[in-house]
Amino acid sequence: MGWRTLISRRIKVFTIALVIYIDYKAMQKRVEWAKGSKKNTIWEKTHERNAKRVLNLMIELEGLWVKLGQYLSTRADVLPEAYISVLRQLQDSLPPRSLKEVYKTIEKEMGKSMDDLFSAFVQTPLATASIAQVHRATMQDGREVVVKVQHNEIKEIILEDLKNAKAIVDWIAWAEPQYDFNPMIDEWCKEAPKELDFNHEAENTRTVARNLRRNNNSNPNSVDVLIPEVIQSTERVLILEYMDGIRLNDRESLEAYGVDKQKLVEEITRAYAHQIYIDGFFNGDPHPGNFLVSKEAPHHPILLDFGLTKSLSSSMKEALAKMFLACCEGDQVALLSAFAQMGLKLRVDMPQQALEIAKVFFRNSTPASEALENIKTLQDQRERNIKALKEKAKLNEKDAQRFNPVDAFPGDAIIFGRVLNLLRGLSSTLNVRIIYLDIMRPFAESTLQGSMIMRGPSTSFIYDTPVQSDVESKLRKLLLDIGSDKILGIQVCAYKDGKVIIDTAAGLLGKYDPRPVKPDSLFPVFSVTKGITAGLLHSLVDKGKLRYEETVANIWPQFGKNNKDSIKVYHILNHTSGLHNAMADVMREDPLIMCDWEESLRQITDSAPETEPGSVQFYHYLSFGWLCGGLVEHASGKKFQEVLEETIIRPLNLEGELYIGIPPGVESRLATLTLDTDDMKKLSQNQQDNTNNTNITNIAQMASGVPVLFNTLNIRRAILPAANGHCSARALARYYAALAVAGQIPPPHSTHSDLPLGSHTHIPKLPSFVPPKKKSFLNKLNFTASDSSSPTPNNDIAYIPIDINDNIEDNKVSRIFENPKFHDACMGLGDYESLIYPDGKFGLGFRRYKNKDGKLMGFGHSGLGGSTGYCDLESNFAVAVTVNRMSLGGVTRKVIQLVCEELGINLPDEFSSLGEKGPDMMFNVGNTNRVEMVRNWGNPSSG
């Protein structure tokens, strides 16, 4: 093909594109003055006029433009009817190439004459498409085949068309910034040339056929489709088994043969779900021309044309499955984690909008008759998202239109999205409604469950980090023995005499997240958080900012009303303030009020004690956090998070691994909570002798509601100093190792790990948006189709981190507490004995631990479902365990028991088989209000 022809094609493409663009801009102005039905008439005529222009150009140029037209003709769900009806002609054959050209190509490619190859060759083609022409023939051995022959010079045409398409997309992005399709065209530039090698297509066809044939009827995810056998191939000729079928656009034949179109499209969708989620190898071009329907009942779909296929890595396959299930469940955390795993990076933290956009991919298909309503719905959603973006990023209307919230889009996800759109267009073309979430869900679940089985209890169950001691070797064996029936994900870290002796991570991040738990994974630890929060108050006492005996209202004036003027700081730390049910009534009405820090503090100031301060010890399951948090802020004059960073995180070098309320950008490291249902059955059984059936029901409802609530992004990001800590076991163990020696900072954590403690940026930041200057399009225009490589997935973070501590000098401190009687304060001994409740479970903020002889040995705090952290003062020992399968603490007890036995140190009674369990070590349902609130929180309608 000469250069004049190439330039001529380019000029025609850009001329028509410019004419259509000007026509639509003119109509936008014109309809502003039109009224009622006249507006619709104007737009209908405009769509029809421009659809014909597009069709004529595509028929004239053929090549890539025909493929684009075929794709657009299937999008009855989003394109005006005029485009669908006009471009649908491209689903039929194009004008055929000459037989002379066809014969010449076959003989050159096969190295034999037509007579040597075929006993019969039908001269009239079955179809003529953009790249090749297909003829029916009979081989010399009698086999009925189809022969696919590539057009002459089509390679040069396709490559030129890609350049032109890239230039047009650049132009559209320049003229209308909200329509930037560059990621899609870049991926197409990379993938489309692969269709020009029929050897590649032949091997793809064999692979897909092999994958789908592996099914059997007993497998619920088996699919029932036909794929023609490959007979022979070269780069430009492909010979396949002939299958007699009905084309999907032949509506009369489909009706005559009694084809169930609903069942047909559902089976095609299942076949693609299998290719994507089970095989990780799928056809990226499922337009109607690539399917037939067998004429014999039960009318199996016949899958054709595997030139454009995509192979997915295991990680990408998992990420796509996680994204799908996140949309099913409305799980923002899982969605952001999936984005991070697949390499999709965002410039703005808008998880709700991200979830809504992702759901668009998996929305139910709609018949073509509902296309107009569907377009309006999508446009309304887009306007809502633009409004939210303007508020979030503080952009004006113009900048919001130009802002692209996606910083990097992986190519695999683009082809995946294209397939879903083509399938949706297919169902619209056949006028059926497909519920994708129901059809594809079993395949996505199978993908993640299969990954978990492959990684299930074996040496790979333990994340590969150096073994620090013989005790750690025995611990890892114990974890393998316990296995995945009881362990989903777990971290264990221990210090002895200031040195790390255990730092083990094992299992998986979640039920539907088969990525391994790593040492830096973040676990929700519930009331373990109280021990961290208590440390902040002790630090403020240490610095003279407040006193244990001081009246709270002296520090926090608004707190003194409603009979709270006699409550002291030590009453709060010792759970004797009488405010154990503070905010319970408010949260029953609006559970998510606890996500509003300032409003929660205000509600606490309005609350009234139920008992005389100091008279009785009732566990302050949630109010402890707001009471302590308000004290921290008023005594320090700083925000709670700021005090946490200054007091604990920076001095101990825990950046990125200890939070009370996570920041945006760490979602990819979050463990997801699930419930140990076996333990719940045991708990209910144990309650039967002492409670009525209503209370048993309450227990089950509470337990099932907790993971649902605390997996939500709203709760994870809230500041809940009583229950919302997210940390790694090694960060928690290091904190308690410092407490074990009255605040002295231990030596640096082990540097053997490839993920050293403190190596993460503590608060990832989104890149700021600077509105780009609108350059001349002539300067922007680039006629090359290069730069089509997809971004490299980064499994660590879904945002671009900016270290806010770059200009802060290291805090060169050796202690986080100075009080020589710090241990006495934590446990309520000596000078502080009068401040605690007699024979109570708590010292000042911490659970007091005793050995089997009843002697106090240390302190710490456990959390609902099994996570824990404590220090043994006698043995200079600190340990932390984090888990994401919430249970009655059985796994944690076994871990602590083994470690203490191997080290020859005392076992705290809390972790003995018969010892009394402290608050939150197991499901504590003694308080009716607590049961009621958690039951309400577990209701999906309440968020």
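The protein chain contains 34 helices and 25 strands, taken as DSSP runs (H or I of at least four residues for helices, E of at least two for strands) and numbered from the N terminus. The model is predicted, and local features need pLDDT of at least 70, side-chain atom pairs count only at pLDDT 80 or more, and totals for chains, interfaces and linings use all residues. Residues are numbered from 1 along each chain as its sequence is written, and side-chain values use heavy atoms, with hydrogens and water left out. Of the 943 residues, 58% count as buried; buried denotes under 20% relative accessible area, exposed over 50%, and partly exposed in between (1.4 Å probe, protein chains only). Among contacts (heavy atoms within 4.5 Å) with a separation of 6 or more, residues 24 or more positions apart account for 73%.

Helix 9 (residues 198-213) and helix 11 (residues 261-279) have axes that come within 11 Å and cross at roughly 95 degrees. Helix 9 is therefore roughly perpendicular to helix 11, where angles of 65 to 115 degrees are roughly perpendicular, under 35 roughly parallel, over 145 roughly antiparallel and the rest oblique. Axes are lines fitted to C-alpha atoms, for helices over the stretch in contact, with angles from 0 to 180 degrees between N-to-C directions. The contact between the two helices involves Val208, Asn211 and Leu212 of helix 9 and Ala271, His274, Gln275 and Asp279 of helix 11. Glutamate 201 also belongs to helix 9 and is buried, at 3% relative accessibility. Leaving aside residues up to four places away in sequence, glutamate 201 touches Lys148, Leu238, Asp305, Phe306 and Gly307. The charged end of lysine 148 in turn sits over the ring of phenylalanine 198, 5.1 Å from its centre; this requires NZ of Lys or CZ of Arg within 6 Å of the ring centre and within 35 degrees of the ring normal.

A second charge of this kind is that of lysine 564, whose charged end sits over the ring of phenylalanine 559, 5.1 Å from the ring centre. Phenylalanine 559 and glutamine 603 are 44 residues apart in sequence, and their C-alpha atoms are 9.9 Å apart. Glutamine 603 lies in helix 24 (residues 597-606) and is buried, with a relative accessible area of 16%. Its contacts, not counting residues up to four places away in sequence, are Met583, Val586 and Ile593.

Aromatic pairs were assigned to rings of Phe, Tyr and Trp (its six-membered ring) with centres within 6.5 Å; planes under 30 degrees apart are stacked, over 60 edge-to-face and the rest tilted. The count by this rule is 20 aromatic pairs. Tyrosine 103 and phenylalanine 121 form an edge-to-face pair, at 5.6 Å centre to centre and 75 degrees between the planes. This pair links distant parts of the chain, with tyrosine 103 in helix 5 (residues 99-110) and phenylalanine 121 in strand 1 (residues 118-121), 18 residues apart. Tyrosine 103 is partly exposed at 25% relative accessible area, whereas phenylalanine 121 is buried at 16%. Phenylalanine 817 and phenylalanine 822 are stacked, because their ring centres are 4.2 Å apart and their planes lie at 20 degrees. Phenylalanine 817 is buried at 1% relative accessible area, and phenylalanine 822 is buried at 2%. These two residues belong to one aromatic cluster with Tyr735, Tyr736, Phe846 and Phe859.

Tyr735 and Tyr736 are among the buried residues of helix 30. Helix 30 (residues 729-740) is mostly covered, 12 of its 12 residues being buried. Its end C-alpha atoms are 16 Å apart, close to the 16 Å expected at 1.5 Å a residue, the expected span being 1.5 Å times one less than the number of residues. Just after helix 30, alanine 742 has a positive phi of about 60 degrees.

Helix 33 (residues 890-903) has 14 residues and end C-alpha atoms 20 Å apart, in agreement with the 20 Å expected. Its buried residues are Val891, Thr892, Arg893, Val895, Ile896, Leu898, Val899 and Cys900. They pack against helix 19 (470-482), strand 14 (489-496), strand 15 (499-510), strand 23 (868-872) and strand 24 (877-883). Glycine 904 follows helix 33, with a positive phi near 70 degrees. Serine 887 lies in the loop between strand 25 (885-886) and helix 33 and is buried at 6% relative accessibility. The C-alpha atoms of serine 887 and threonine 674 are 9.2 Å apart, across 213 residues of sequence.
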